[in-house]
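Here are some exercises to work through with the model open beside you. Try each task before you read its solution.

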Amino acid sequence: LPSRSRSWQSTFDLALDVLQGFGLTFETGKALAPGFVLNTWRVWEDLVTLSLRASLGGQGVAAQKGIHLGHRQRQSHEGWGARRSLEVTPDLRVDGSKAGFGDLLVDAKYKGRVALGKQRIAEADVYEAMAFARAAKARQVVLVHPKIATAPLSQTGTADVFERVYVDEIQIWGVEIETRGIS
């Protein structure tokens with residue numbers, strides 16, 4: 001690849017490996033992975049990150065930036081130790097001012113909370129989203145899930161809000177993205 005495309009080198013190399021057959025093969029009773037295994041949660045997070053950067057511009061989407069939430073101190077036999085920063089790290093922080101909305105925090109959720117055949121926002125995710133919002137002084141947090149396989153098939157990339165949670169001025173949105181059809 002030309003030097004101006006250096007940031008794509010690892011993706012390009014991965015694509016070549018896949019084309020050469022270094023992927024996963026599933027047969028009854030065995031799984032064969034001669035070249036590599038992907039962490040599906042990381043792939044999902046990367047897909048969400050790249051999608052937002054492609055649609056909103058790379059400068060407005062910051063990934064994995066810790067935000068100061070509070071302090072932490074440890075007790076010892078000598079008394080309380082020094083205060084250390086306590087940070088929380090949402091997957092993405094989006095500056096939506098150019099797109100017509102304010103700061104938005106995004107957390108990619110790979111594992112769905114499927115209960116009785118439908119998604120829901122788990123309480124642990126609500127608490128985490130509230131910590132993100134408080135630290136960032138933001139009012140909107142979006143939890144992005146892949147669409148569950150039992151749902152009717154829609155166009156790849158379609159986003160649907162499946163649930164909203166309101167805690168005081170904080171809005172937490174559960175969103176499903178249709179990923180079936182990506183190959």
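Helices (H or I, at least four residues) and strands (E, at least two) are DSSP runs, numbered from the N terminus. This is a predicted model, in which local features need pLDDT of at least 70, side-chain atom pairs count only at pLDDT 80 or more, and totals for chains, interfaces and linings use all residues. Residues are numbered from 1 along each chain as its sequence is written, and side-chain values use heavy atoms, with hydrogens and water left out.

**Exercise 1. Get your bearings**

Task: find how many helices and strands the protein has, and which element has the lowest mean pLDDT.

Solution:
- Start with the count: there are 3 helices and 12 strands.
- Next, check the confidence. pLDDT is the predictor's confidence in each residue, from 0 to 100. The protein averages 82, and 83% of the residues score at least 70.
- Now go element by element. Strand β2 (residues 30-32) has the lowest mean, 54, while α3 has the highest, 94.
- Then look at burial. Buried means under 20% relative accessible area, exposed over 50%, and partly exposed in between (1.4 Å probe, protein chains only). Of the 183 residues in the protein, 28% are buried.

**Exercise 2. Check helix α2**

Task: work out what length α2 should span, and which of its residues are buried.

Solution:
- The expected span of a helix is 1.5 Å times one less than its number of residues. Helix α2 (residues 40-56) has 17 residues, so it should span 24 Å; the end C-alpha atoms are 24 Å apart, and that agrees.
- Pick out the buried residues of α2: Trp-44, Glu-45, Val-48 and Thr-49.
- Look down the axis, taking the arc as that of the directions from the helix axis to the C-beta atoms. The buried residues of α2 fall within an arc of 130°, so they line one face of the helix.
- An α-helix has 3.6 residues a turn, so residues three or four places apart point the same way.
- Ask what that face meets. The buried residues of α2 pack against β3 (61-63), β8 (92-95), β9 (103-108), β10 and β12, where contact means heavy atoms within 4.5 Å.
- Finish at the end of the helix: just after α2, Gly-57 takes a positive phi of about 95°.

**Exercise 3. Map the cores**

Task: say which element gives the largest share of the largest nonpolar core.

Solution:
- A nonpolar core is a set of buried Ala, Val, Leu, Ile, Met, Phe, Trp, Tyr and Cys residues joined through side-chain atoms within 4.5 Å.
- The largest one has 17 residues, and Leu-105, Ile-121, Val-141 and Ile-172 have the most contacts inside it.
- Two or more residues come from each of α3 (123-136), β10 (140-146) and β12 (170-177). The largest share, 7 residues, is from α3.
- Zoom in on Val-141. Not counting residues up to four places away in sequence, Val-141 touches Leu-105, Ala-129, Ala-133, Gln-171, Ile-172 and Trp-173.
- Apart from this core lies another, of 12 residues, including Trp-44, Val-48, Val-106 and Val-142.

**Exercise 4. Two acidic residues**

Task: are Asp-107 and Glu-178 buried or exposed?

Solution:
- Asp-107 is in strand β9 and, at 4% relative accessibility, counts as buried.
- A polar contact is a pair of N or O atoms within 3.5 Å; within protein, one must be able to donate a hydrogen and the other to accept it, and residues adjacent in sequence count only if both atoms are side-chain atoms. A polar atom of the Asp-107 side chain lies 3.4 Å from the backbone nitrogen of Asp-91.
- Glu-178 sits in the segment after β12 and, at 1% relative accessibility, counts as buried too. The side chain of Glu-178 reaches the backbone nitrogen of Ser-154 at 3.3 Å.

**Exercise 5. Neighbours in a loop**

Task: what is the burial class of Lys-137, and what is that of Ala-138?

Solution:
- Lys-137 is in the loop between α3 and β10, and Ala-138 lies there as well.
- At 76% relative accessibility, Lys-137 counts as exposed. Although not a glycine, Lys-137 has a positive phi of about 55°.
- At 8% relative accessibility, Ala-138 counts as buried. Leaving aside neighbours within four places in sequence, Ala-138 is in contact with Leu-105, Ala-133 and Ile-170.
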